[in-house]
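Biologist: Could you walk me through this chain?
Modeller: Sure, let's put it on screen and start there.

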Amino acid sequence: ICLDEIERTRPFFIGIVGGRYGWIPNESEFKINEHLLLKYPWIKEKIDNGVSITELEMQYGALENSDKVKSFFFLREVNSVPKKYREKEGSKEYHHLNKLRNRIESSATEGKCQMASYKSISSLGDAVYRQLMALVDELYPKKEENQWERIESRQRATRTRLEKRYCHRNDIIYENSNVEFIKGINTESDRCILLYGESGYGKTSFLTCEIGKEINGIPVYHAIIDDELDTIDKLSRFLLYQLSTRLNDFVCPEINDKDKTISIRHALVRNKQTDSQLFWVLDGIERLSSSEDKSMNWLTSMPENISFIISTADKSIINKAKSVWKNGDIKQCNIPALSASCIMEISSIYLKNLSKVLTTQQRSHICTHPVLSNPRMLQLFLSEISTFGVYEKLNEYIDQFIKSEDINDFLI
């Protein structure tokens, strides 16, 4: 797993050396993992030469690939290590550890890596933080960024994170048909689509990963409603900003003038975009901060060429939207709880990305638990078991979650 993580996080590497050299497996111990030997056949020679797993990871991550990585090593000062945590002087591990420290120091002197010393755990934390902040400043120098660029960058990061572990759901049906959500949308007649699902059911993941940037050639503009986008005025300004980044010559300087009332209709008319249809995804409409905006009356003032896909965890908002909408029928779709097959598939994909698997018995055990039919709870559960360190006690650990009666009990 560690070698896989090194690959996944290149070109960055942090190595920490204390008073121990690390575990040196014997031939029978490392031969058990045939998958590891097939994927990294070169480790056999390293192990045969008495290299510890820790040094092997440092060699692979940085010391033997110094031209390709940005590596940082933190070496604990020998005198600050309690004697009971030091290698026995004169032992094989003692000599290997000194040799590793010397190699790191030589590489740092040659400029192949960076190195710092530390005396305690707290000083190590401070040193790592300083190095990471320096690297961030180096790779991402500060620049003038307006409010809308910052919001777009943050929302893009959220969408990217969701896309990495998304599992396609074919159980989200378009209204009362047997057609999957995206395939059922009629871009000519469906002007307002409401997507309902309880909190944690994966509405944002679904809208991000299934809809994308267009529906049948019609452009889609996403907005995740949060503390920075919590009014229709801010959302309207953000939409106009998005239009200015995707359409040539679309100009809307008033989006940064807080004293000026924003009008999407006027901006579209001025930029000759009134005949171009677009979908506006408003994700999490219940998070709007004002009761006036939650009344949904603003829907009546929107241009006719804008179609809406609105998600919510509040059923009352659906009724409000239906009461004010005058441009045809409002379509309503529901995101159901995860089925047993979905739980098994999502679990397999999530754990496979971490080079881990559950047994058939373990998968069957978790797939019927009602709390895990909530995608957010399932992800939390998978995160917990993937970092649990005692494989022999994994079944017992899983049982602790499975015995919970509801979400509150599950989270305790």
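What follows is a short round of questions and answers.

Modeller: Ground rules: this is a predicted model, where local features need pLDDT of at least 70, side-chain atom pairs count only at pLDDT 80 or more, and totals for chains, interfaces and linings use all residues. Residues are numbered from 1 along each chain as its sequence is written, and side-chain values use heavy atoms, with hydrogens and water left out.

Biologist: Which element gives the largest share of the largest nonpolar core?
Modeller: A nonpolar core is a set of buried Ala, Val, Leu, Ile, Met, Phe, Trp, Tyr and Cys residues joined through side-chain atoms within 4.5 Å; buried means under 20% relative accessible area, exposed over 50%, partly exposed in between (1.4 Å probe, protein chains only). This one has 41 residues, and W280, L282, W298, F308 and I310 touch the most other members. Elements here are DSSP runs: helices (H or I, at least four residues) and strands (E, at least two), numbered from the N terminus. Seven residues, the largest share, come from α11.

Biologist: Why is helix α10 described as largely enclosed?
Modeller: The buried residues of α10 include F206, L207 and I211. The helix spans residues 203-211, and it is largely enclosed by the rest of the structure because the number of its nine residues that are buried is seven.

Biologist: Is D249 buried or exposed?
Modeller: D249 sits in the loop between α11 and α12, and its phi is positive, near 70 degrees, though it isn't a glycine. Its relative accessibility is 72%, so D249 counts as exposed.

Biologist: Which peptide bond is cis?
Modeller: Look at the loop between α1 and β1, where P11 lies. With omega near 15 degrees, the cis bond is the one from R10 to P11.
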